[in-house]
Amino acid sequence: MIIDKVAWLRHETQSLLTIQKHLVLKNSRLSVKNPDYRHWNLHIQDVQESDRGGYMCQVNTVPMKSLVGFLDVVVPPSFLDSETSSEVLAREGTNITLTCRVRGHPTPTITWRREDGQALMSNICQHQTEGRCQNGKHKE
């Protein structure tokens with residue numbers, strides 16, 4: 001029985017991660033399991049946001065065969081405190097700006113509400129880019 005060499009690569013960069021069971025990219029979070037000659041499993045420990053993307057399993061035959069799988073990493077929403085309004089004091093009749101900045105993947109939806117439940121003029125951010133909303137208008 002002829003055993004073809006199997007490699008794992010990052011699809012976007014074509015970076016070689018492994019050949020057979022040998023790590024090419026020195027990353028302690030990666031490992032390859034080969035329970036039998038037909039199964040080659042790439043394991044990623046402690047998945048990070050930077051791991052998001054395509055992974056290619058390549059069998060070095062003539063012609064070469066490959067299959068790409070995509071990893072999407074979910075990141076829970078979190079506030080960027082230094083860029084988010086906390087308490088604002090204003091004199092009646094003046095204008096204020098409340099800013100809410102969040103991060104996460106997929107991009108979180110920002111909804112504005114008053115603590116007492118009274119309606120705002122617009123309580124849903126209509127123009128949101130990269131988790132940034134400002135008084136229902138996109139922040140420039």
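Which residue stands opposite Asp 36 in β5? The points below take up that question together with the sheets, the core and a few single residues of this predicted model.

1. The residue opposite Asp 36 is His 39, which belongs to β5. The two strands concerned, β4 and β5, run antiparallel and are joined by five bridges, and they form a hairpin that leaves two residues between them.

2. A second group of strands makes up an open sheet of five, in which the order is β3-β2-β1-β6-β7 and the pairing is antiparallel. Its edge strands are β3 and β7, the latter covering residues 65–71, and each of these pairs on one side only. As background, strands of a sheet pair through backbone hydrogen bonds, in either a parallel or an antiparallel sense.

3. Following this sheet from the β3 side, one finds that β2 and β3 (residues 22–23) pair in the antiparallel sense over two bridges, with Leu 23 of β3 as the bridge partner of Thr 18. The hairpin made by β2 and β3 has two residues between the strands, and Gln 20 in this hairpin takes a positive phi near 55°.

4. The pairing of β1 with β2 (residues 15–19) is also antiparallel and extends over four bridges, and within it Leu 9 stands opposite Leu 16 of β2. Here the hairpin has four residues between the strands, and Gln 14 is the residue noted for a positive phi, with a value near 60°.

5. At the other side of the sheet, β6 and β7 run antiparallel and are joined by seven bridges, one bridge partnership being that of Gly 53 with Leu 71 in β7. Met 56, which lies in strand β6, is 12 residues away from Val 68 in sequence, yet their C-alpha atoms are 4.3 Å apart in space.

6. Met 56 counts as buried because its relative accessible area is 8%, which falls under the 20% limit for that class. Apart from neighbours within four places in sequence, Met 56 is in contact with Ala 7, Trp 8, Leu 9, His 11, Gln 14, Ser 66, Leu 67 and Val 68.

7. The largest nonpolar core consists of nine residues, namely Val 6, Trp 8, Leu 17, Leu 30, Val 32, Trp 40, Leu 42, Tyr 55 and Cys 57. At least two residues of this core come from each of β1 (6–10), β4 (30–36), β5 (39–44) and β6 (53–59). In soluble globular proteins, nonpolar side chains tend to be buried together.

8. One member of that core, Tyr 55, has a long list of contacts once residues up to four places away in sequence are set aside, including Trp 8, Leu 17, Leu 42, Ile 44, Leu 67 and Leu 71.

9. What is the relative accessibility of Cys 57? The value is 19%, so Cys 57 counts as buried, and Cys 100 likewise counts as buried because its relative accessibility is 11%. A search of the whole structure finds zero disulfides.

10. Asp 51 deserves a separate point, since its place is in the loop between β5 and β6 and it is buried, with a relative accessible area of 7%. Leaving out residues up to four places away in sequence, Asp 51 touches Arg 10, Arg 29, Ile 44, Asp 46, Leu 71 and Val 73.

Terms used
Residues numbered from 1 in each chain as written. Predicted model: local features only at pLDDT ≥ 70, side-chain atom pairs only at ≥ 80, totals over all residues. Heavy atoms only, no water. Core = buried A, V, L, I, M, F, W, Y, C linked by side-chain atoms within 4.5 Å. Buried < 20%, exposed > 50% of the residue type's maximum accessible area, 1.4 Å probe, protein only. Contact = heavy atoms within 4.5 Å. Pairing = 2+ DSSP bridges. Disulfide = S-S within 2.5 Å.
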